[in-house]
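Me: I have a structure to go through with you. Let us take it by question and answer.

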Amino acid sequence: MSKHAIDESSLLSADYVRALLEWIQQESSGAVFPFLASMAGTALSPGEAALIRLHDVMLPDGELGEVLVRAGEGRRVPISPDLVGVLRRWIDEADLEAEDLLFPAEQGGPLASSEYMRAWRQARQAVLSPDEVQAGLGEQVSSLRDSCLDRWLDAGVPAWGVAEWAGVSASWIALRYPHRFRLEDVEIDWDHLEEILRLPDIPER
């Protein structure tokens, strides 16, 4: 297995992500919850999410949205209708304007890593069992990105599509998530395969 492969047991399930975010929504203030929810739903890195401005997102009510990530060569990432709703409510609450950072600190400027990391540590202690905390489940905030990429793959998004949304190469995705590319998990249509590989009839000599 590649040294770059992620430990499958370290990935957060969708239920865990929801439980952690629900705790953070209730117990934190300011941009922390929408910031972490965006990481969980778009697989942005913390650095990318911190630089998003209001004019970088398209948030149609009740529909799939989109965020423009300007880092690197730039890429567009879909936003689920649920996350669109979260962001629309946050924008109204914070009274943000087009040029504003989407997730500003309460005193202005980008949201400090110390703020969302503190909330994440507290949420893990409150939501996860002591054994899960000790085992390192979701230990880093970046676990939200890792787990989002894994769910996209599990949902059937092609590796090249996940790679494009994440701003990485398809080979990196394959090396990082080998458990999503096991041959035994693939349903092969053997009849169709036999048909397309069939050789022409060869007359006997």
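Me: Which residue follows α2 with a positive phi?

Reply: The model is a predicted one. Helix α2 spans residues 32–42. Just after α2 comes a residue whose phi is positive, near 60°. That residue is A43.

Me: Is A43 buried or exposed?

Reply: A43 is found in the loop between α2 and α3 (46–51). Its positive phi of about 60° comes although A43 is not a glycine. Most residues other than glycine have a negative phi. The cut-off for buried is under 20% relative accessible area; at 0%, A43 counts as buried.

Me: How many residues of α2 are buried?

Reply: Helix α2 has 11 residues and is mostly covered. Among the buried ones are V32, F33, F35, L36 and M39. The list also includes S38 and T42. The count of buried residues in α2 is 10.

Me: How many bridges join β2 to β3?

Reply: Strand β2 covers residues 65–69 and runs antiparallel to β3. V67 stands opposite V77 in β3. L68 has R76 as its bridge partner in β3. The number of bridges joining β2 to β3 is five.

Me: Which residue in the turn between β2 and β3 has a positive phi?

Reply: β2 and β3 form a hairpin, with five residues between them. One residue in the turn has a positive phi of about 65°. This residue is G72.

Me: What is the bridge partner of M58 in β2?

Reply: Strand β1 (residues 57–58) runs antiparallel to β2, and two bridges join them. β1 and β2 form a hairpin with six residues between them, and G62 in the turn has a positive phi of about 75°. In β2, M58 is partnered by E66.

Me: How many of the five residues of β3 are buried?

Reply: Strand β3 takes in residues 75–79 and is mostly covered. β2 is mostly covered too, with four of its five residues buried. For β3, the number buried is four.

Me: Which side chain meets R75 in a salt bridge?

Reply: The whole structure holds seven salt bridges. In one of them, R75 of strand β3 pairs with a residue of helix α3, 27 residues apart. Both partners are buried. The N to O distance is 2.9 Å, and the partner is E48.

Me: Where does R180 lie, given that it meets D150 in a salt bridge?

Reply: The side chains of D150 and R180 meet at 2.9 Å, N to O. D150 lies in helix α7, so the pair ties together parts that are 30 residues apart in sequence. D150 counts as buried at 8% relative accessibility, while R180 counts as partly exposed at 32%. R180 lies in the loop between α9 and α10 (190–196).

Me: Which residue is linked with D150 and R180 in a network of salt bridges?

Reply: D150 and R180 form a salt bridge with each other. A network of salt bridges takes in this pair and one further residue. That residue is D154.

Me: What is the relative accessibility of D95?

Reply: D92, D95, E97, E99 and D100 gather in a patch of negative charge on the surface. D95 is in the loop between α4 and α5. Its phi is positive, about 55°, although D95 is not a glycine. Exposed means over 50%; D95 counts as exposed, with a relative accessibility of 62%.

Terms used. Residues are numbered from 1 along each chain as its sequence is written. This is a predicted model: local features need pLDDT of at least 70, side-chain atom pairs count only at pLDDT 80 or more; totals for chains, interfaces and linings use all residues. Side-chain values use heavy atoms; hydrogens and water are left out. Patches are made of residues with over 30% relative accessible area and no salt bridge: like charges are joined within 9 Å, nonpolar side chains (Val, Leu, Ile, Met, Phe, Trp, Tyr) within 5 Å. Accessible areas come from the Shrake-Rupley method with a 1.4 Å probe; for residues, only the protein chains shown count as cover. A salt bridge is a side-chain nitrogen of Lys or Arg within 4 Å of a carboxyl oxygen of Asp or Glu. Lys and Arg count as positive and Asp and Glu as negative; His and the chain ends are not counted. The place of a charge is taken as NZ of Lys, CZ of Arg, CG of Asp or CD of Glu. Buried means under 20% relative accessible area, exposed over 50%, partly exposed in between (1.4 Å probe, protein chains only). Two strands pair if DSSP finds at least two bridges between them.
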